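I opened this entry to get my bearings in a structure that is new to me. My notes follow in the order I looked things up.

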Amino acid sequence: MYMGHYAIALGARRWLRPLPMAWLLFASIEPDLHDVLGDLIPALSIGPDTHTVAGAIGAAIVVALLAAVLFRQAALAVGSGLLVLSHVAVDYLTSRLPLWRHGPVVGLHLYAVPWADFVLEALAIAIGVSIYATSPDLRRPARAGLLGMALLMLCMQAVWNFGFGSH
Ligand SMILES: [Zn+2]
């Protein structure tokens, strides 16, 4: 999944408001950042495990512990961990991923049907931004900007699905 991850982070903020937005975004794409790290430093040998079930659970626990130390609230720690798990869960819809290292590869692989992936991610954006919009702490200017943000996310998703033909 692509923009859908960010939409999930936005929606989750409704319940995790004390967390900085940057932290929510980080937790929601942690497994992909882990991939980048694995590519940069192959010696770490973490590439094959970032999106496996065990890898996701391990990363969720580490992020939850980090959140517990940084933000000192159990609910925020659990929420952070769940965001990491959500990443891999929805990636199984859009990709095909190994359940464990060298294990069976499963997933719906909606990326292979770009319009279907676009519909799913557009739905995630609509739901995530709608939930975000109900946050009681948002001021009017922030609410007004949400439609623009949702449209920007849709455009980026469209480019991902239909643009440049490179994937
Ligand atoms: Zn991913």
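**Entry 1: an exposed loop residue.** I began with His-102. At 78% relative accessibility, His-102 counts as exposed, because the cut-off for exposed is over 50%. The model I am reading is predicted. I found His-102 in the loop between β1 (97–98) and β2 (105–106). I then looked up its backbone. His-102 has a positive phi of about 65°, yet it is not a glycine.

**Entry 2: another positive phi.** I turned to Arg-72, which sits in the loop between α4 and α5. Its phi is positive too, about 55°, and Arg-72 is not a glycine either. Is Arg-72 buried or exposed? With 70% relative accessibility, I put Arg-72 down as exposed.

**Entry 3: the annotated spans.** I checked the UniProt record next. The entry is unreviewed, and its annotation "transmembrane region" covers residues 52–71, 76–95, 115–134 and 146–164. I looked at two of these spans in the model. Residues 52–71 are 95% helix and 0% strand. The end C-alpha atoms of residues 52–71 are 27 Å apart. Residues 115–134 are likewise 95% helix and 0% strand. For residues 115–134, the end C-alpha atoms lie 29 Å apart.

**Entry 4: the zinc ion.** Which protein donors does the zinc ion have? I listed Asp-32 (OD), His-51 (NE2), His-87 (NE2) and Asp-91 (OD), at 2.0 to 2.2 Å from the ion. Their spacing in sequence reads D-x18-H-x35-H-x3-D. His-51 lies in the loop between α3 (30–40) and α4 (53–71), and Asp-91 in helix α5 (residues 74–94), so this pair ties together parts 40 residues apart in sequence.

I looked up the angles as well. Why is the arrangement irregular? The 4 donor atoms subtend angles of 87 to 177° around the zinc ion. Four donors count as tetrahedral only if all angles lie between 85 and 135 degrees, so the 177° value rules that out.

I also checked accessibility at two donors. His-51 has 8% relative accessibility and counts as buried. Asp-91, at 4%, counts as buried as well.

**Entry 5: two helices that pack.** My last look was at α3 and α5. Their axes are 8 Å apart, and the packing angle is about 85°. That makes α3 roughly perpendicular to α5. On the α3 side the contact is made by Glu-30, Pro-31 and Asp-32. On the α5 side it is made by Val-84, His-87, Val-88 and Asp-91. I had already met Asp-32, His-87 and Asp-91 among the zinc donors.

Technical notes:
Residues are numbered from 1 along each chain as its sequence is written. This is a predicted model: local features need pLDDT of at least 70, side-chain atom pairs count only at pLDDT 80 or more; totals for chains, interfaces and linings use all residues. Side-chain values use heavy atoms; hydrogens and water are left out. UniProt positions are given in the numbering used here, feature names are shortened, and annotations may be inferred rather than shown by experiment. Helices (H or I, at least four residues) and strands (E, at least two) are DSSP runs, numbered from the N terminus. Donors are N, O and S atoms within 2.8 Å of the metal (3.2 Å for Na, K and Ca); water is not among the atoms, so sites may look incomplete. Four donors count as tetrahedral if all angles lie between 85 and 135 degrees; four count as square planar and six as octahedral if opposite donors are over 155 degrees apart and all others between 65 and 115; anything else is irregular. Buried means under 20% relative accessible area, exposed over 50%, partly exposed in between (1.4 Å probe, protein chains only). Axes are lines fitted to C-alpha atoms, for helices over the stretch in contact, and angles run from 0 to 180 degrees between N-to-C directions. Angles under 35 degrees count as roughly parallel, over 145 as roughly antiparallel, 65 to 115 as roughly perpendicular and the rest as oblique. Contact means heavy atoms within 4.5 Å.
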